[in-house]
Amino acid sequence: MKKRVTGIGGLFFKTKDPKASKDWYKKHLGFNTDDYGCTFWWKDKEGNDCSTQWSPFAKDTKYYEPSKKDFMFNYRVENLKELLVTLKEEGVTIVGDMEEYDYGKFGWILDNDGNKIELWEPIDKAFL
């Protein structure tokens, strides 16, 4: 496999009040927030439009389970299906099944510290 992770797809963290966090970041740091957080747009080396998502989650979210951490990283990948097969062969814990949406494919793994990591094969043009 040539490439695995190609960039950061998102930064997700727990907070007692997601709306207050979005409002604070909008007011003080100029984030263009919406219901999901903030999407940062950038171009890759080939000039393709790409995005990175910043999202506060409710403190009691179950989305990061089985990890007990207050954060989850989302990494952009090139070929999720192939990567998940390779990671499983390498003994990495796969969490759940791959899911596919009009904006990309998602898979989840646990790192060596038990942190849940979301892997995303994006379809960035779905957001434009």
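Here are a few questions and answers about a predicted model.

The model keeps local features at pLDDT of at least 70 and side-chain atom pairs at pLDDT 80 or more, while totals for chains, interfaces and linings use all residues. Residues are numbered from 1 along each chain as its sequence is written, and side-chain values use heavy atoms, with hydrogens and water left out.

Q: Why is the contact between Lys 3 and Glu 78 called a salt bridge?
A: A salt bridge needs a side-chain nitrogen of Lys or Arg within 4 Å of a carboxyl oxygen of Asp or Glu. For Lys 3 and Glu 78, the closest N and O atoms are 3.9 Å apart, so the pair fits that definition.

Q: Where in the chain do Lys 3 and Glu 78 sit?
A: They link distant parts, 75 residues apart: Lys 3 is in the segment before S1, and Glu 78 is in the loop between S5 and helix H2 (80-89). Those labels are DSSP runs numbered from the N terminus (helices: H or I, at least four residues; strands: E, at least two).

Q: What makes Ile 8, Leu 11, Phe 71 and Phe 73 a nonpolar patch?
A: Patch residues have over 30% relative accessible area and no salt bridge, and nonpolar side chains (Val, Leu, Ile, Met, Phe, Trp, Tyr) are joined within 5 Å. These four form such a patch, with about 310 Å² of accessible area together (Shrake-Rupley method, 1.4 Å probe, only the protein chains shown counting as cover). Strand S1 (5-15) and S5 each supply at least two of its residues, and Phe 73 is found in S5.

Technical notes. Patch = residues over 30% accessible without salt bridge, like charges linked within 9 Å, V, L, I, M, F, W, Y side chains within 5 Å.
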